[in-house]
Each structure stands twice: as structure tokens, then as C-alpha cells.
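Me: I'm new to reading protein structures, and I'd like a close look at a single part. Could you take one strand and then show me what lies around the rest of the fold?

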Amino acid sequence: MAAAQAIIDERYMAAALALAVRTLGVTSPNPAVGAIIVRDGLVVGRGWTMPGGRPHAEAVALAQAGALARGATCYVSLEPCSHHGKTPPCAEALVAAGVGRVVVGCGDPDPRVAGGGLNTIQRAGIDLSVGVLEEQARTVAAGFLSRIEHGRPLVTLKLATTADGRSATANGHSRWITGPVARAHAHAERARHDAIMVGADTVIADDPALTCRLPGLAARSPLRIAIDRRGRIPATARLRVDNAAPTLIIRSVAASADGGERARDVLTMVGLDGGDGDLDRILRMLAARGITRLLVESGGRLAAALIRRHLVDHVDWYRAPSLLGGDAVPAIGALALSDASDAVGLTPIEHRVLDPDSLDRFEIRH
């Protein structure tokens, strides 16, 4: 009986996680959470965190279930909140609805919760199971968890290269290395992130729009961030003149302004000296602003700097079946390694064929 219940729990938790995934990139600073309410083998309520982080998944599912929530089981991917904020605590809402059982994917380390939601449910005498599909639940909530536990967003480095790891020809030409299927997949990934970051070199060389250009997903374009310590990005750059997505340009206090920027788009950070240590400060600042998932589509210099500082969590590597040779531009700049044993380790997560290209996802081993 216990084995059969475990299979049922995992099936419904997987469904709750699928609901959570659909709102990645739009719920920050709150986590993307999914919830399903089941009564007598039937789903009577479904919910996911709404854009902007509220209402929460449990509240949406309870509203849909109505009176059918009494005695039912609620499957939720993250521990229900227990603090009073802009919305009432979800743990108390579950108790008030009279659910008979709550199944949780993983705990919430936010100091305002951190077991408080679980305690509220247990004190009410409700049957509680925690840790169902916990690894998958932590993967979905990884950006939120990184912000709370490490004080910075989850960072994914996106690479688009030839098979020999080159991102542009010797003269800087890079459009297009990968094909339309891979590019469409990369645009969908932009929609799943809170922000996308590049360096000034990339803006000057490519003048990218950094938006999600898939039908129906333009509104899901993330915050565009450009690190421009010395104020080199021209006033005519698309990031500075279009309104396709919000933009944040980060400069040092010493950078000279040319008067072309909109004040709301420029952040001056005192003490940026151009060293790798700037990146720690920048990521902490982004986390303080609520950014949980950061996609980096930079050139090789910024990519290498992030890797040197151990600030990259995942690598999304799109590879085309072509070669550009040793005189072409490498996707990763100098890492200053003296021994092959110091090579940065990658753990494969996923391999996908995006005809004619491929995508390999890795987790960086720190």
C-alpha cells in the first residue's frame, strides 16, 4: 500500500512541477510554484504562481477547488509560505480549507518561512509528507534557492558555437552559426529567465536586441542588463533606444555620460574597477533587486571572468556541425590554467538534437 501511494504521490508531484515550470521567468522575486488538489482520485484544483509572484499557487488551486478542497490532498512543489506579506500565508489557507493531507516537494529556506509552513500544517493535525521528488523540486526552484542561500541569482551561461568551440570568425562575423531551430529554442530559454546579461563588447560588436522573438512570447522578454563600466555603449544601441524590454546598464562612477541614456536605465555602482571581483557585487545587487534566474549571452571575456569567479552554475551549449578553425574567436576567453587537471569540470544534464544543431546542458562542478 505504501509503495502504491508513493507512486501516486510522485505522479501528482510531477504534474505540480510541470505547472511551476510554465511560469519560470515571470514570478520573481517569488519562486515559481505549482499546486494540485486531488480528491477521490480526481484533480479538483490546479494553480501556479501568477506573474509578479502573486497570487501564490496554493491560493489559485484552492479557489478553483472551492468546497471540494475539504478532505482532499494538496500537492505543492515548495513549502507553503507562513508569513504575512502582500498575500495571506498559504499554510493557513490550506488549514482553513480543511485539506486532509499536504505533500511538499522541497522546503523553503527563506528565513520568513524555513519550516514555519510545515509546522503550521502539522499543528493543525493535517497529514504531511515532505521531500517527494525533492531533487526535481529543487531544480525548478533553483533560482529562488540560489538567491536565498547564496545571495545571487542562478547563472546560466549560453554558448552558441561551432563544433570546435568558436563563436565568430576572425573578423567577428557570427550570424548565424546555429540554425533556426536552435535559435528558437534559445529564445524560449530567454522567456524562462528573469534577466539576460551581456558585456559592453557584445553590445558594441553585435547591437543585440536581447528579446524573446517567438510568437506570443514578446511580453516574456527578460530584463536586459549590460555591464558598461567605462560608458562605451553608444547612444544609438538598441538596448538604449528601443522599448522592447526593460533595460539596465551598469556603469562605474567614473564612467562619463554622453546624455543619451534614460536615467531609469542606468545604474552607477561606486568602486567598479574592471576586475573580476566586480561581478560578485553586481550579482549580489541583482539578487537584492529580486532577480533569481540570470542568463548570460556574453562574449568570451565576460564568460571567462564569471567562470574564474565560480559564478556560473549551468552551461547551455548550442553547437553547429561546422568548423571555423584556430583563427576564429573562442567562446570562452582565457582562464589562466597552468595544469590540465585544473580544467573546469562539467556534469552533463541533458542532450538534445535541434536539427541540424545540438544542445548540451551542463552543471559546472565547483
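Reply: Here is a walk through strand S12, followed by the cores, a hairpin and one loop residue. Keep in mind that this is a predicted model, where local features need pLDDT of at least 70, side-chain atom pairs count only at pLDDT 80 or more, and totals for chains, interfaces and linings use all residues. Residues are numbered from 1 along each chain as its sequence is written, and side-chain values use heavy atoms, with hydrogens and water left out.

Strand S12 covers residues 293-296; strands here are DSSP runs of E with at least two residues, and helices are runs of H or I with at least four, numbered from the N terminus. Arg293 and Leu295 point one way, Leu294 and Val296 point the other way, and all are buried, meaning under 20% relative accessible area with a 1.4 Å probe and protein chains only (over 50% is exposed, in between is partly exposed).

Now for the neighbours of S12. Two strands pair if DSSP finds at least two bridges between them. Strand S6 (residues 154-162) runs parallel to S12, with four bridges joining them, and Thr156 has Leu295 as its bridge partner. Strand S8 (residues 195-199) is also parallel to S12, through three bridges, and there Ala195 sits opposite Leu294.

Next, the cores. A nonpolar core is a set of buried Ala, Val, Leu, Ile, Met, Phe, Trp, Tyr and Cys residues joined through side-chain atoms within 4.5 Å. The largest one has 40 residues, and Met13 and Val76 are among those that touch the most other members. Helix H1 (residues 2-21) gives this core its largest share, six residues. A second, separate core has 32 residues, including Leu159 and Phe362. Back to Val76: leaving out residues up to four places away in sequence, its contacts include Met13, Val33 and Val102, where contact means heavy atoms within 4.5 Å.

Then there's a hairpin. Strands S1 (residues 34-39) and S2 (residues 42-48) pair in the antiparallel sense over six bridges, and Ile36 is matched with Arg46 in S2. Two residues lie between the strands, and Asp40 takes a positive phi near 55°.

Last stop: Asp110, in the loop between strand S4 (101-106) and helix H4 (116-123). Asp110 counts as buried because its relative accessibility is 6%. Its side chain makes a polar contact of 2.8 Å with that of Arg112; such a contact is a pair of N or O atoms within 3.5 Å, and within protein one must be able to donate a hydrogen and the other to accept it, with residues adjacent in sequence counting only if both atoms are side-chain atoms. Not counting residues up to four places away in sequence, Asp110 also touches Phe144 and Ile148.
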